[in-house]
Amino acid sequence: MKEAYDMRHETVKSDVTVIGGGLAGISAAIAAARLGQKVALVHNRPVLGGNSSSEVRVWVCGATGHGVNRYARETGIMGELFIQNQYRNPEGNPYLWDVTLLEAVRAEPNLTLYMNTDVREVEADGELDDRTIRSVTGWMMGSEREMTFESDVFLDCTGDGLVGFLAGAAYRIGREARQEYGEDWAPEAADDITLGSTLLFYTKDTGKPVRFVAPSFAKDITTTSIPLKRVIRSGDSGCHYWWIEWGGELDTVHENERIRDELWSVIYGIWDYIKNSGKFEAENMTLEWVGSIPGKREYRRFLGDTILTQNDVISQRPFEDRIAFGGWSIDLHPPQGMYATESGSKHLHADGIYHIPFGSLYSRNVGNLLFAGRNVSASHVAFGTTRVMATCAVMGEAAGVGAALSASKGITPRELRERHLTELQQTMLRMDASIIGLRNEDPADLARTGTVTASSTMTQIRLDRPAEEYRLTSDVGFVFPADGGFDGLQILVSASDATSLNVELWDTGRPENYVPAGFKQALTIPVAAGVNQWVEVPADRELFGDEPCNAFVIVRANEAASLHTSAVPVTGVLAFERGVKPIVSSDLEDHQPDQPVIEWSMKRLVRKPFCFAVGTKAFAPDKVIDGYVRPYGGPHLWVSQPLADGREEWVEITLEEPADVREVHITFNDDVNEDLINLHHHETPFLVIPEVAKSYELQAWASGEWITVASDGMNRTRKKIHTLGKPVRTDRVRVVVKETNGGEHAEVIEIRIYE
């Protein structure tokens, strides 16, 4: 018989402690660990991922808005997770998503994971306006271990914000009054209403009849407004039922059990309605899984030095201390949730992606506390967009970098923002985290002052392989890079009768936007009857100036004319339809169709641009050192002529003087316009983004010849960092692309070179 023993009490000392293992906490912990800090990641569940995990199963939404925003997919750590999941888990199995997250965390040698550990005590001291956290203590369930975590910096990524609350951090719950921040989507008077919580369920077809006997607590939904105001289909499951939401008028934390029970009653009531009402073809359907942990949307929002507001989002305010971006709409739901008679959600869209400041990621009164996720410093209205998980993740990465730099320098996050903002932002860019509109200014990067040449360059966009005829029953548009002007714009047109084509050229306003903003020129072009005609568009090539930018071409509706979609896409080109009817009823999602990014939709034309031709300087070799690593007023990458007959293409940097090169960073094009997802929202037709280089060599000129210092024959990732075992003395570095994952050109976004 084993002897009795006392409960174990353990103390863990780290540089950074992250509490909460959702996507915000995971990203924060990985980011801090990669910067050399010893990190403890503490999570109160048996699996990582928070609301995205197999326990809750919410889709990871982000700035793309399921294809609403252009070139908006996240990079950095969240981008790595998307790309890994796309390859390993294209069907969207929630358990394989759990594994993807667990492997990403375990891959970091400086990061220690503590799961099933519920932090419920915080030791903090100081006056109310100047608090400092000393430690947090949690109970590791199933192990009978009480664990105290000590560190210099703490991150509250718990969602509900319990750690910050116990530390005395200033916070808000509920909705601010309209006049407080001048937000027209805020209520007239402040209140404590929040967004509600959701439970999801999965179904499957068994191939044989299955009956369903409803439990006694199942709600008769025919006595509610649900069948009239919400979309119920027998084949839907998972986040198709995001609208099974309730609790916004309650305290979503302290009444969590009541909320869960109500949501259960409705789920089983909906399934009873589907199975037994006779209104659905569901004889062979059964419930495969029903959630038991409500996915909370909102609770505490901490107060930082900056409070992000509706006006900041909609105006796309370019904060000086911006460290991340979002793009999901401001998405607010009625307080009554699934019982509301109004639309299940209403959406307000900016004209493109918006910016998030570092000042929203740390506490104004607890000096060593940062936060990320749905508890950041934002008004209730602005929170309606920042709360989605991919956006939480990019904020998490920024908070993790901020925590690492604060800990290593022995300063507070506020002092980091005030004294070392450039270092914070440049560190993030070096890690491939996107900060829109900021370029690489790393003084240690030798490539920045080099000279770039290439084996070849694509100087003309020519989409001349038509796939399908597209009748001009409504206005359409397309975007192409007008970098220092353009030459010879042509459109492939078919016409049933002689007609005239009305074409307009517009700019897109802000460099991060892809909607028609400023009118430039209108042209009326005669078109003869006939098929597949190349029609000249005599546009003024000087209209767009010398700075990199995009031209938005509108072709007005014409019943006698057709354009043609291309069988192949090309980087930097997007196509749009105007006024496409939304797939989802406005009773469920009110997206206000007159908002530009909704009015001009690309969803049905992703990777299917219209056939046209134009000369451009947008793909020149020197783009690999222009400092930008994602589209911003142009695509910002080198593109070769088509790879053909096994020919290799290369881009080369000649340094100002020889150097002992130890590390080279290469960023390949992974088409951040392609919307990726973790679960079953949709599946891409390819496992790897086609434009990514599959086989390449990194070469250096040494002793009068090119030597290969690194290579990869099975690459599928965007960012590659090659740390050489032994430095190479050289003044020329070359990336040779031998094969892509399906794209027709070699494409490289950035090369960095370090001693």
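Tutor: Welcome! Let's begin at G278, which follows α7 and has a positive phi, near 80°. Keep in mind that this is a predicted model.

Student: How do you know that the length of α7 fits a helix of 21 residues?

Tutor: At 1.5 Å a residue, helix α7 (residues 256-276) should span 30 Å, and its end C-alpha atoms are 30 Å apart, so the two values agree.

Student: What makes α7 "mostly covered"?

Tutor: A residue is called buried when its relative accessible area is under 20%. In α7, 15 of the 21 residues meet that description.

Student: And why is α1 called largely enclosed?

Tutor: Because 11 of its 12 residues are buried, α1 is largely enclosed by the rest of the structure. Among those buried residues are L23, I26 and I30. Just after α1 comes G36, with a positive phi of about 90°.

Student: How do you know that the span of α1 agrees with its 12 residues?

Tutor: The expected span at 1.5 Å a residue is 16 Å, and the end C-alpha atoms of α1 are 16 Å apart, so they agree.

Student: Which elements help to line the second largest pocket?

Tutor: α1 is one of those that supply at least two residues each, and β36 (649-668) and β39 (719-740) are also among them. α2 gives the most, with 8 residues. The pocket holds about 760 Å³ of space. Its lining has 33 residues, and those closest to the centre are R34, G76, E80, E108 and K719.

Student: What makes 13 residues of that lining count as charged?

Tutor: Asp, Glu, Lys and Arg count as charged, and the lining of the second largest pocket has 13 such residues, beside 11 nonpolar and 9 polar ones.

Technical notes. Residues numbered from 1 in each chain as written. Predicted model: local features only at pLDDT ≥ 70, side-chain atom pairs only at ≥ 80, totals over all residues. Heavy atoms only, no water. 1 Å grid on protein atoms, 1.4 Å probe; cavity = no way out; pocket = protein on both sides within 12 Å on 5 of 7 lines; lining within 4 Å. Points joined across faces, edges and corners; volume = space filled by probe spheres on them. Helix = DSSP H or I, 4+ residues; strand = E, 2+ residues; numbered from the N terminus. Expected span 1.5 Å × (residues − 1). Buried < 20%, exposed > 50% of the residue type's maximum accessible area, 1.4 Å probe, protein only.
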